[in-house]
Amino acid sequence: MLKLYGGGRSRASIVQWYLEEIAVPYEFILLDMAAGEHLQPEFLSINPIGKVPAIVEDDFQLWESGAILLYLAEKHGKLPNSVEERAIITQWVLFGNATLGTGIFIEANREKETPRLLNPLNKILSQQPFLMGDELNIADIAVGSILAYIPLMLKLDLSAYPAVLEYIQRLNERPAFQKTIGGSK
């Protein structure tokens, strides 16, 4: 069985959300980050960087939430056949982790980056329910999780982005989201 390592209120909840969405059984191993369990030799043998999330499945180990999402989607047949569509999904996963997360959650970037990032997202989401159309996929897990953390952690006023707010609400209503990220309120 897949083991998912994470800490309380960590990015492991993003991976949990996806595992719940695609109904893949897993064991969640909660590390006490305050006590430094993520810096102990046992965990460092899984992720030498000492960060969560990380997964172990048989002899396979992987860390970084975006890489884990892409692996799980590939392994469980959740990626499209077209290399171009897979590249667009990868683009969104990388955008969520590298651009959106740092643009919104690093305070020095927030004022400049919020409108630059959320205006285009608002336009896309005003035309379709999910980033790539009518169906949720890992692009939504990666980007949607970052957006969903905004009202939970930052309390930013997003009223200028009504389609983003509706998207966050759509994600919040999903049972798998409620079981994982939504339950951390």
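# Questions on a predicted two-domain model

Q: Is Arg9 buried or exposed?
A: In this predicted model, the relative accessibility of Arg9 is 58%. A residue counts as exposed when its relative accessible area is over 50%. Because 58% is the value for Arg9, this residue counts as exposed.

Q: Where is Arg9 placed, and what is its phi near?
A: Arg9 is in the loop between strand 1 and helix 1. Its phi is positive, in a residue other than glycine. The value for Arg9 is near 50°.

Q: In which loop does Asp58 lie, and what is its phi?
A: Asp58 is found in the loop between strand 3 and strand 4. With a relative accessible area of 69%, Asp58 is exposed. Although Asp58 is not a glycine, its phi is positive, at about 60°.

Q: Which peptide bond is cis, and what is its omega near?
A: The bond ends at Pro53, which is in the loop between helix 2 (41-44) and strand 3. The cis bond runs from Val52 to Pro53, and its omega is near 10°.

Q: Into which domains is the chain divided, and what distance separates their centres?
A: The chain is divided into domain 1 (2-76) and domain 2 (83-174). Contact joins 14 residues of domain 1 to 18 residues of domain 2. Taken over C-alpha atoms, the centres of domain 1 and domain 2 are separated by 22 Å.

Q: Which helix gives the largest share of the largest nonpolar core?
A: The largest nonpolar core has 52 residues, and those with the most contacts inside it are Leu100, Leu121, Ile138 and Leu147. Elements that each supply at least two residues of this core include strand 1 (2-6), helix 4 (83-105) and helix 6 (138-154). The largest share, 10 residues, comes from helix 6.

Q: How many residues does the second core have?
A: The largest core draws at least three residues from each of domain 1 and domain 2. The second core is separate and includes Tyr5, Leu31, Ala54 and Val56. Its residues number eight.

Q: Which residues does Leu121 touch, not counting those up to four places away in sequence?
A: Leu121 is among the residues with the most contacts inside the largest nonpolar core. Leaving out residues up to four places away in sequence, Leu121 touches Trp92, Phe95, Leu100, Leu131, Val143, Leu147 and Val164.

Q: Against which elements do the buried residues of helix 3 pack?
A: The buried residues of helix 3 are Ser65, Gly66, Ile68, Leu69, Leu70, Leu72 and Ala73. After helix 3 comes Gly77, with a positive phi near 65°. The buried residues of helix 3 pack against strand 1, helix 1, strand 3 (54-57), strand 4 (60-63), helix 4 and helix 6.

Q: Where does the largest pocket lie with respect to domain 1 and domain 2?
A: The largest pocket has a volume of about 570 Å³. Of its 25 lining residues, the closest to its centre are Arg9, Ser10, Arg11, Ser13 and Tyr149. Because domain 1 and domain 2 both give residues to the lining, the largest pocket lies between them.

Q: How many charged residues are in the lining of the largest pocket?
A: Helix 6 gives the largest share of this lining, three residues. By class, the lining has 10 nonpolar and 10 polar residues, and its charged residues number five.

Note on methods:
Residues numbered from 1 in each chain as written. Predicted model: local features only at pLDDT ≥ 70, side-chain atom pairs only at ≥ 80, totals over all residues. Heavy atoms only, no water. Core = buried A, V, L, I, M, F, W, Y, C linked by side-chain atoms within 4.5 Å. Buried < 20%, exposed > 50% of the residue type's maximum accessible area, 1.4 Å probe, protein only. Helix = DSSP H or I, 4+ residues; strand = E, 2+ residues; numbered from the N terminus. Domains from an automatic or database assignment. Contact = heavy atoms within 4.5 Å. 1 Å grid on protein atoms, 1.4 Å probe; cavity = no way out; pocket = protein on both sides within 12 Å on 5 of 7 lines; lining within 4 Å. Points joined across faces, edges and corners; volume = space filled by probe spheres on them. Nonpolar A, V, L, I, M, F, W, Y, C, P; charged D, E, K, R; others polar.
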